[in-house]
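Biologist: I am new to this structure. Please take me through one part of it slowly, and keep the sentences short.

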Amino acid sequence: MTTTHSTSPSATATELDGKTALVTGSTSGIGLGIAEALARMGCSVILNGFGEPDTARAQVQRAAAGRCRVAYHGADLGKPSEIEALMRFAELEFGGIDILVNNAGIQHVASVEEFPVDKWDAILSINLSAAFHTTRLAIPHMRASNWGRIINVASVHGLVASTHKAAYVAAKHGLIGLTKVTALETARTGITCNALCPGWVETPLVQRQVEARATRDGLGTDDARSALVSEKQPSGDFVSTDQLAQVAVFLCSSAADQVRGASWNVDGGWTAQ
Ligand code: NAD
């Protein structure tokens, strides 16, 4: 379930050099982009998620360029006992987590009255409760070193709603609530907690919604993609994973020491409407 790879240190230092980051759900999409960006800044990275960990690990190791360690733990974040195992692994292998990026998330689309109960439970546990568990277990090490960064990948759906996404919208609104409470409880320390609120980002999670839209409206993939994005996002363009990753890097920097409890939208104007 777990593997680690040691790499040799390099002479180039950044202010994040030597920090350890856990990015949940980093085998694809936004999490993988953030993991790469943090590795490029000199952070050792613990990857997590399903799918193809070897491909993700190779990509992040390339970004690390021999400066830091890249490890993987396959905890299912829907299971608190596996989250505890992941956090024990981080403690034993790295001495604890300095940067926690709660990113793992799933989606299911259905009206409230038809929403499958098991999907509701899964979305609430992976998109919301998992962040509570990682946060409660990460904070003691951060308090001991009086430095930490917690970034919760929420969504515009933590700020506004769309139809057919009851569980997702409820979980993301909850995640923003958790972000604010964590920020207040750590306000007198060197730990900050903030949320990122992306609009449409073209990742596997959204690809499935593009395909559903194409089937529903009898559109080609390109037309379905363009219909999906322009309906909500005034810019008409997807947000890129790299753009989000750069905001995450900024939130980890000392320039963001006083950014606390923010819900930072990166949404092509979605929530300005
Ligand atoms: P993605 O499907 O590409 O990645 C999701 C990641 O979570 C994968 O690594 C997957 O393996 C992992 N994951 C899923 N269930 C898990 C579980 N039980 N345990 C551990 N890992 C699990 O999706 P993405 O678009 O990159 O989404 C990442 C985050 O960004 C999610 O929280 C999502 O809600 C949020 N987000 C995405 C968009 C978008 O447009 N793509 C917009 C706003 C917010």
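What follows is a close look at the ligand site and the two domains of the chain.

Biologist: Which residues are closest to the ligand, and how much of the ligand's area does the protein bury? Please also set out how domain 1 and domain 2 touch.

Modeller: A word of caution before the details: this is a predicted model. Start with the ligand. It is surrounded by 32 residues. Thr27, Ser28, Asn103, Tyr168 and Thr203 are the closest. Three polar contacts give the picture some detail. Ser28 places a polar side-chain atom 2.7 Å from an oxygen atom of the ligand. Asn103 uses its backbone instead: a polar atom there is 2.7 Å from an oxygen atom of the ligand. Asp76 pairs with a nitrogen atom of the ligand, and the distance to an N or O atom in the Asp76 side chain is 2.9 Å. Now the burial. Alone, the ligand would expose 830 Å². The protein buries 95% of that area.

Next, the domains. Domain 1 is made of two stretches, 20–199 and 240–266. Domain 2 covers 202–238. Thr203, one of the closest residues to the ligand, falls within the range of domain 2. The centres of the two domains, taken over C-alpha atoms, are 25 Å apart. Their contact involves 12 residues of domain 1 and 7 residues of domain 2. About 560 Å² is buried between them. Carbon and sulfur atoms give 58% of this area. On the domain 1 side, Gln107, Ser162 and Gly199 lose the most area to domain 2. Together they account for 35% of what that side buries. The domain 1 residues that touch domain 2 are 3 nonpolar, 8 polar and 1 charged. Between the domains there are 0 salt bridges, but 2 residue pairs are in polar contact.

Technical notes. Residues numbered from 1 in each chain as written. Predicted model: local features only at pLDDT ≥ 70, side-chain atom pairs only at ≥ 80, totals over all residues. Heavy atoms only, no water. Domains from an automatic or database assignment. Contact = heavy atoms within 4.5 Å. Buried area = accessible area lost by both parts, 1.4 Å probe. Salt bridge = Lys/Arg side-chain N within 4 Å of Asp/Glu carboxyl O. Polar contact = N/O pair within 3.5 Å; in protein donor to acceptor, adjacent residues only side chain to side chain. Nonpolar A, V, L, I, M, F, W, Y, C, P; charged D, E, K, R; others polar. Near = heavy atom within 4 Å. Areas by Shrake-Rupley, 256 points an atom, 1.4 Å probe, with all protein chains shown as cover.
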